[in-house]
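Trainee: Got a minute to go through the metal site in this one with me? I'd like to start with the geometry.
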Amino acid sequence: MDFFADYHTHTKFSHGKGTVEDNVRAALAKGLKKIAISDHGPALFALGVQSPDTFLEIKREVEKCKKKYPGIDVLTGVEANVVSLKGELDLPKKILDQLDLVMVGLHPLTIPLDFKEGGSLLFHYWGGKCSKRLKKKSRILNTKVLLETVYKNKVDVITHPGHKMSIDTKELARACVKTNTALEINAKHSDWQRDFIETAKRTGVKFVLGSDAHSPAEVGELEAALRLTEAAGLGPEQVLNVL
Ligand SMILES: [Zn+2]
Ligand SMILES: [Zn+2]
């Protein structure tokens, strides 16, 4: 089994080190057939893109690369943030509609839309570090918010589910089956994912491998994720970027 695409790569537009072209060249050098540029949405504190419109700039860079490197398919994507308990994202629909791939990840450094409501998610997350009760509530809220997100928006992939922000995997995976959303097996945060994969795979949910590259050298570094996939007995019928 081998992989042919990396859908999770960041550039200088958010928290990455290289340009769009650097990532594309790195993907080509590793023999990939497809790459997505999926920078952090603007609500990620100090690490996101400058504004929603930055994705239009990224899209223009992607279009240039598509012409220059016909040997590889380049997608404009996003790793968006959830900014309210209602599952709202940090990009307006008019921008989301112009992207090829919408990924969403929960991040503890997200700036909520309004602190009264969206802040509750972060309050329980940070509070959960010293209180068991808040930790339990945090897991319930994280799961609820991701369910709202996949039902409200057209989401292609949930990135690193359960990383830092604990979730009920079975409940999320079932919702993702209904909404045709894949769950990511992240190559960077590998080992703890065994349990999540075991639980999720029984629901029939689709998976996608992602490098979460923050530099061109990390683009296509999917071996750790591939090993987890193979260990779980998953094949191309359930994993979208392997053959
Ligand atoms: Zn992330
Ligand atoms: Zn990422």
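Trainee: Why is the arrangement around the zinc ion (ligand 2) irregular?

Mentor: In this predicted model, the 4 donor atoms subtend angles of 81 to 170 degrees, so the arrangement comes out irregular. Four donors count as tetrahedral if all angles lie between 85 and 135 degrees, or as square planar if opposite donors are over 155 degrees apart and all others between 65 and 115; anything else is irregular.

Trainee: Which protein donors does the zinc ion (ligand 2) have?

Mentor: His8 (NE2), His10 (NE2), Glu79 (OE) and Asp212 (OD), at 2.1 to 2.2 Å. A donor is an N, O or S atom within 2.8 Å of the metal (3.2 Å for Na, K and Ca), and water is not among the atoms, so sites may look incomplete.

Trainee: What does glutamate 79 bridge?

Mentor: Glutamate 79 bridges the zinc ion (ligand 2) and the zinc ion (ligand 1), which lie 3.4 Å apart. Histidine 10 sits in the loop between β1 (5–6) and α1 (20–29) and glutamate 79 in strand β3 (residues 73–80), so the pair ties together parts 69 residues apart in sequence. Helices (H or I) are DSSP runs of at least four residues and strands (E) of at least two, numbered from the N terminus.

Trainee: Are histidine 10 and glutamate 79 buried or exposed?

Mentor: Both are buried, meaning under 20% relative accessible area (exposed is over 50%, partly exposed in between; 1.4 Å probe, protein chains only).

Trainee: Switching metals, what coordinates the zinc ion (ligand 1)?

Mentor: Glu79 (OE), His107 (NE2) and His160 (NE2). Histidine 107 is buried too.

Trainee: How's the numbering done?

Mentor: Residues count from 1 along each chain as its sequence is written, and ligands from 1 in the order in which they are written.

Note on methods:
This is a predicted model: local features need pLDDT of at least 70, side-chain atom pairs count only at pLDDT 80 or more; totals for chains, interfaces and linings use all residues. Side-chain values use heavy atoms; hydrogens and water are left out. Four donors count as tetrahedral if all angles lie between 85 and 135 degrees; four count as square planar and six as octahedral if opposite donors are over 155 degrees apart and all others between 65 and 115; anything else is irregular.
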